[in-house]
Amino acid sequence: MVGTADLGARGGQRQPLPTKMIRMVLVDDHAILRQGLRSVLEREPDLRVVGEASSESEAESVVREADPDVVLMDLKLSAGSEYEGLSLCAKLSAAHDGIGLLVLTTFLDDELVVRAVHAGARGYVVKDVDTTELVRAIRAVSAGESAFDARSAAAVVRSMNGRSTPRERLTDRELEVLRLLAAGMSNSSIGERLFISATTAKFHVSNILRKLEVSRRAEAVYAASKRGLI
(Lines give C-alpha, C1' and ligand atoms only; values in the text may rest on other atoms or scores of the structure.)
Protein backbone atom coordinates (compact mmCIF):
# COMPACT_ATOMS: atom_id res chain seq x y z
CA MET A 1 0.00 0.00 0.00
CA VAL A 2 1.24 3.49 -0.76
CA GLY A 3 2.67 4.74 2.52
CA THR A 4 4.65 7.60 3.94
CA ALA A 5 8.24 6.45 3.49
CA ASP A 6 10.51 9.40 2.81
CA LEU A 7 12.25 8.45 -0.44
CA GLY A 8 14.46 10.96 -2.20
CA ALA A 9 15.26 14.57 -1.47
CA ARG A 10 12.04 16.53 -1.86
CA GLY A 11 12.34 19.48 0.48
CA GLY A 12 12.40 22.77 -1.35
CA GLN A 13 12.42 21.13 -4.75
CA ARG A 14 10.43 23.05 -7.32
CA GLN A 15 7.60 21.25 -9.04
CA PRO A 16 6.68 21.92 -12.68
CA LEU A 17 3.22 23.30 -13.25
CA PRO A 18 0.91 20.68 -14.81
CA THR A 19 0.62 21.30 -18.55
CA LYS A 20 -1.90 18.62 -19.50
CA MET A 21 -4.27 16.07 -18.01
CA ILE A 22 -2.61 12.69 -17.55
CA ARG A 23 -5.08 9.87 -18.16
CA MET A 24 -4.36 6.67 -16.27
CA VAL A 25 -5.51 3.07 -16.04
CA LEU A 26 -4.94 1.19 -12.76
CA VAL A 27 -4.18 -2.54 -12.99
CA ASP A 28 -4.19 -4.52 -9.74
CA ASP A 29 -6.09 -7.60 -8.59
CA HIS A 30 -7.02 -5.93 -5.28
CA ALA A 31 -10.05 -3.66 -5.61
CA ILE A 32 -9.36 -1.92 -2.31
CA LEU A 33 -5.88 -0.90 -3.45
CA ARG A 34 -7.24 0.42 -6.76
CA GLN A 35 -9.85 2.45 -4.89
CA GLY A 36 -7.23 3.84 -2.55
CA LEU A 37 -4.92 4.77 -5.41
CA ARG A 38 -7.74 6.46 -7.31
CA SER A 39 -8.68 8.49 -4.24
CA VAL A 40 -5.09 9.62 -3.64
CA LEU A 41 -4.07 10.28 -7.24
CA GLU A 42 -7.17 12.19 -8.30
CA ARG A 43 -6.39 14.83 -5.68
CA GLU A 44 -3.76 16.01 -8.14
CA PRO A 45 -5.19 18.50 -10.67
CA ASP A 46 -3.45 16.88 -13.64
CA LEU A 47 -4.16 13.20 -12.87
CA ARG A 48 -7.34 11.38 -13.89
CA VAL A 49 -8.11 7.66 -13.62
CA VAL A 50 -10.03 6.63 -16.74
CA GLY A 51 -10.16 2.89 -16.16
CA GLU A 52 -9.38 -0.03 -13.84
CA ALA A 53 -8.60 -3.70 -14.42
CA SER A 54 -7.88 -6.70 -12.22
CA SER A 55 -6.47 -9.19 -14.75
CA GLU A 56 -4.28 -9.35 -17.83
CA SER A 57 -7.14 -9.87 -20.28
CA GLU A 58 -9.29 -7.20 -18.66
CA ALA A 59 -6.38 -4.76 -18.72
CA GLU A 60 -5.82 -5.28 -22.44
CA SER A 61 -9.46 -4.48 -23.11
CA VAL A 62 -9.63 -1.45 -20.79
CA VAL A 63 -6.42 0.06 -22.16
CA ARG A 64 -7.62 -0.45 -25.72
CA GLU A 65 -10.90 1.36 -24.94
CA ALA A 66 -9.59 4.10 -22.64
CA ASP A 67 -6.35 4.89 -24.53
CA PRO A 68 -4.53 6.19 -21.41
CA ASP A 69 -1.22 8.03 -21.18
CA VAL A 70 -0.03 5.90 -18.25
CA VAL A 71 -0.79 2.39 -17.00
CA LEU A 72 0.02 1.93 -13.31
CA MET A 73 0.28 -1.82 -12.84
CA ASP A 74 1.20 -4.57 -10.42
CA LEU A 75 3.20 -7.58 -11.60
CA LYS A 76 1.24 -10.26 -9.73
CA LEU A 77 -2.34 -10.21 -10.99
CA SER A 78 -3.62 -13.57 -9.79
CA ALA A 79 -2.89 -16.26 -7.22
CA GLY A 80 -2.05 -18.74 -9.96
CA SER A 81 0.60 -16.67 -11.71
CA GLU A 82 3.78 -15.25 -10.25
CA TYR A 83 4.39 -12.33 -12.58
CA GLU A 84 1.50 -12.05 -14.99
CA GLY A 85 2.21 -8.34 -15.21
CA LEU A 86 5.44 -8.95 -17.14
CA SER A 87 3.47 -10.56 -19.94
CA LEU A 88 0.92 -7.75 -19.84
CA CYS A 89 3.69 -5.16 -19.90
CA ALA A 90 5.19 -6.66 -23.06
CA LYS A 91 1.78 -6.88 -24.78
CA LEU A 92 0.80 -3.30 -23.96
CA SER A 93 4.20 -1.96 -25.00
CA ALA A 94 3.95 -3.72 -28.36
CA ALA A 95 0.33 -2.73 -29.00
CA HIS A 96 0.40 0.89 -27.83
CA ASP A 97 3.34 2.91 -29.05
CA GLY A 98 4.41 5.60 -26.58
CA ILE A 99 2.31 4.40 -23.66
CA GLY A 100 3.84 4.98 -20.22
CA LEU A 101 4.04 1.73 -18.25
CA LEU A 102 4.81 2.18 -14.55
CA VAL A 103 5.17 -0.88 -12.31
CA LEU A 104 3.90 -0.50 -8.73
CA THR A 105 4.51 -3.74 -6.86
CA THR A 106 5.64 -5.38 -3.63
CA PHE A 107 8.23 -7.51 -5.47
CA LEU A 108 11.79 -6.30 -5.81
CA ASP A 109 14.84 -8.15 -7.03
CA ASP A 110 17.44 -7.22 -9.62
CA GLU A 111 16.33 -9.68 -12.27
CA LEU A 112 12.67 -8.75 -11.95
CA VAL A 113 13.31 -5.03 -12.33
CA VAL A 114 15.40 -5.63 -15.45
CA ARG A 115 12.81 -8.01 -16.92
CA ALA A 116 10.14 -5.35 -16.42
CA VAL A 117 12.29 -2.74 -18.17
CA HIS A 118 12.96 -5.14 -21.06
CA ALA A 119 9.21 -5.77 -21.28
CA GLY A 120 8.61 -2.06 -21.85
CA ALA A 121 8.22 -0.51 -18.39
CA ARG A 122 9.51 3.04 -18.09
CA GLY A 123 9.45 3.00 -14.31
CA TYR A 124 9.40 0.68 -11.32
CA VAL A 125 8.46 1.58 -7.74
CA VAL A 126 7.51 -0.48 -4.70
CA LYS A 127 4.19 -0.10 -2.93
CA ASP A 128 5.56 1.60 0.18
CA VAL A 129 6.68 4.53 -1.97
CA ASP A 130 5.72 7.99 -0.74
CA THR A 131 2.71 9.51 -2.51
CA THR A 132 4.73 12.52 -3.65
CA GLU A 133 7.34 10.24 -5.21
CA LEU A 134 4.64 8.14 -6.92
CA VAL A 135 3.03 11.23 -8.45
CA ARG A 136 6.42 12.39 -9.66
CA ALA A 137 7.03 8.97 -11.24
CA ILE A 138 3.66 9.07 -13.02
CA ARG A 139 4.41 12.50 -14.47
CA ALA A 140 7.88 11.36 -15.54
CA VAL A 141 6.73 8.27 -17.46
CA SER A 142 3.92 10.31 -19.03
CA ALA A 143 6.59 12.65 -20.38
CA GLY A 144 8.57 9.74 -21.82
CA GLU A 145 11.18 9.66 -19.05
CA SER A 146 12.32 6.88 -16.72
CA ALA A 147 11.24 6.76 -13.09
CA PHE A 148 12.63 4.47 -10.40
CA ASP A 149 12.69 4.61 -6.63
CA ALA A 150 16.07 4.25 -4.91
CA ARG A 151 15.92 0.46 -4.55
CA SER A 152 14.79 -0.35 -8.08
CA ALA A 153 17.26 2.11 -9.61
CA ALA A 154 20.07 0.43 -7.68
CA ALA A 155 18.89 -2.96 -8.97
CA VAL A 156 19.07 -1.77 -12.58
CA VAL A 157 22.52 -0.28 -12.08
CA ARG A 158 23.80 -3.48 -10.43
CA SER A 159 22.43 -5.64 -13.22
CA MET A 160 24.06 -3.52 -15.90
CA ASN A 161 27.41 -3.24 -14.16
CA GLY A 162 30.09 -4.67 -16.41
CA ARG A 163 27.71 -5.24 -19.32
CA SER A 164 28.03 -1.94 -21.15
CA THR A 165 28.47 -1.76 -24.89
CA PRO A 166 31.51 0.31 -25.91
CA ARG A 167 30.54 3.73 -27.20
CA GLU A 168 26.93 3.09 -26.27
CA ARG A 169 24.94 6.16 -27.21
CA LEU A 170 23.69 8.54 -24.53
CA THR A 171 20.01 9.51 -24.59
CA ASP A 172 18.93 13.14 -24.90
CA ARG A 173 18.08 13.21 -21.20
CA GLU A 174 21.46 11.74 -20.28
CA LEU A 175 23.18 14.43 -22.36
CA GLU A 176 21.24 17.08 -20.42
CA VAL A 177 22.34 15.50 -17.15
CA LEU A 178 25.91 15.26 -18.42
CA ARG A 179 26.06 18.99 -19.20
CA LEU A 180 24.83 19.82 -15.69
CA LEU A 181 27.31 17.31 -14.31
CA ALA A 182 30.07 19.16 -16.14
CA ALA A 183 28.88 22.35 -14.46
CA GLY A 184 29.61 20.74 -11.10
CA MET A 185 26.01 20.21 -10.04
CA SER A 186 25.02 17.61 -7.44
CA ASN A 187 22.29 15.02 -8.07
CA SER A 188 19.85 17.15 -6.05
CA SER A 189 20.66 20.27 -8.06
CA ILE A 190 20.37 18.36 -11.33
CA GLY A 191 17.01 17.00 -10.23
CA GLU A 192 15.78 20.48 -9.33
CA ARG A 193 16.91 21.95 -12.64
CA LEU A 194 15.29 19.16 -14.70
CA PHE A 195 12.22 18.73 -12.48
CA ILE A 196 13.06 15.13 -11.63
CA SER A 197 13.84 13.51 -8.28
CA ALA A 198 17.39 13.28 -6.97
CA THR A 199 17.02 9.49 -7.17
CA THR A 200 16.18 9.63 -10.88
CA ALA A 201 19.07 12.05 -11.46
CA LYS A 202 21.39 9.58 -9.72
CA PHE A 203 20.08 6.81 -11.97
CA HIS A 204 20.88 8.88 -15.08
CA VAL A 205 24.37 9.68 -13.74
CA SER A 206 25.01 5.96 -13.12
CA ASN A 207 23.94 5.19 -16.69
CA ILE A 208 26.29 7.89 -18.00
CA LEU A 209 29.23 6.45 -16.05
CA ARG A 210 28.41 2.97 -17.35
CA LYS A 211 28.10 4.04 -20.98
CA LEU A 212 31.28 6.11 -20.87
CA GLU A 213 33.05 3.21 -19.12
CA VAL A 214 34.30 5.30 -16.21
CA SER A 215 33.79 5.14 -12.44
CA ARG A 216 33.87 8.79 -11.37
CA ARG A 217 31.91 11.89 -12.28
CA ALA A 218 35.06 13.86 -13.14
CA GLU A 219 36.22 11.04 -15.41
CA ALA A 220 32.82 11.11 -17.15
CA VAL A 221 33.19 14.82 -17.88
CA TYR A 222 36.71 14.28 -19.23
CA ALA A 223 35.64 11.30 -21.39
CA ALA A 224 32.61 13.18 -22.71
CA SER A 225 34.77 16.17 -23.57
CA LYS A 226 37.19 13.97 -25.53
CA ARG A 227 34.27 12.51 -27.48
CA GLY A 228 32.85 15.95 -28.22
CA LEU A 229 29.66 15.32 -26.27
CA ILE A 230 29.98 18.54 -24.25
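Reader: Which residue in S6 is the bridge partner of tyrosine 124?

Author: The partner is phenylalanine 148. Bear in mind that this is a predicted model.

Reader: How do you know that S5 and S6 count as a pair?

Author: Strand S5 (residues 123-126) and S6 are joined over 2 bridges, in the parallel sense. Pairing takes at least two bridges, so the two strands count as a pair.

Reader: What makes S2 and S6 edge strands?

Author: The open sheet has 6 strands in the order S2-S1-S3-S4-S5-S6, with parallel pairing. Strand S2 (47-53) and strand S6 (147-148) each pair on one side only.

Reader: Which strands does S4 pair with, and over how many bridges?

Author: Strand S3 (residues 70-73) runs parallel to S4, and 4 bridges join them. Valine 71 stands opposite leucine 101 in S4. Another 4 bridges join S4 to S5, again in parallel. There, leucine 104 has valine 125 of S5 as its bridge partner.

Reader: Why is S4 called largely enclosed?

Author: Buried means under 20% relative accessible area. In S4, 6 of the 6 residues are buried, so the rest of the structure largely encloses this strand.

Reader: How do you know that both faces of S4 are covered?

Author: In a regular strand the side chains alternate between the two faces of the sheet. On one side of S4 sit Gly100, Leu102 and Leu104, and on the other Leu101, Val103 and Thr105. All of these are buried.

Reader: Which helix lies across S4, S5 and S6?

Author: Helix H4 (residues 110-118) does, running at about 145 degrees to S5.

Reader: Why is H7 called oblique to H8?

Author: Two packed helices are described by the angle between their axes and the distance between the axes. The axes of helix H7 (residues 172-182) and helix H8 (residues 187-194) come within 10 Å and cross at roughly 125 degrees. Roughly perpendicular covers 65 to 115 degrees, and roughly antiparallel needs over 145. The angle of H7 and H8 fits neither class, so H7 is oblique to H8. Their crossing is right-handed.

Reader: Which residues of H7 and H8 make the contact, and of what class are they?

Author: H7 brings Arg173, Glu176, Val177, Leu180 and Leu181, while H8 brings Ile190, Arg193 and Leu194. They divide into 5 nonpolar, no polar and 3 charged residues.

Reader: What makes H8 roughly perpendicular to H9?

Author: The axes of H8 and helix H9 (residues 198-212) come within 8 Å and cross at roughly 110 degrees. The roughly perpendicular range is 65 to 115 degrees, so H8 earns that label against H9. Asn187, Ser188, Ile190 and Gly191 in H8 meet Ala198, Ala201, Lys202 and Val205 in H9. By class, this contact has 4 nonpolar, 3 polar and 1 charged residues.

Reader: Why is aspartate 67 called exposed?

Author: Exposed means over 50% relative accessible area. Aspartate 67 has 55%, so the label applies. This residue is in the loop between helix H2 (56-66) and S3. Aspartate 67 also has a positive phi of about 50 degrees, although it is not a glycine.

Reader: Why is glutamate 213 called partly exposed?

Author: Partly exposed lies between the cut-offs of 20% and 50%. Glutamate 213 has a relative accessible area of 47%, so this residue is partly exposed. Its place is the loop between H9 and helix H10 (217-226). Phi of glutamate 213 is positive too, near 60 degrees.

Key
Residues are numbered from 1 along each chain as its sequence is written. This is a predicted model: local features need pLDDT of at least 70, side-chain atom pairs count only at pLDDT 80 or more; totals for chains, interfaces and linings use all residues. Side-chain values use heavy atoms; hydrogens and water are left out. Axes are lines fitted to C-alpha atoms, for helices over the stretch in contact, and angles run from 0 to 180 degrees between N-to-C directions. Angles under 35 degrees count as roughly parallel, over 145 as roughly antiparallel, 65 to 115 as roughly perpendicular and the rest as oblique. A crossing is left-handed if the near helix is turned anticlockwise from the far one by less than a right angle, and right-handed if clockwise. Contact means heavy atoms within 4.5 Å. Ala, Val, Leu, Ile, Met, Phe, Trp, Tyr, Cys and Pro count as nonpolar, Asp, Glu, Lys and Arg as charged, and the others, Gly among them, as polar. Buried means under 20% relative accessible area, exposed over 50%, partly exposed in between (1.4 Å probe, protein chains only).
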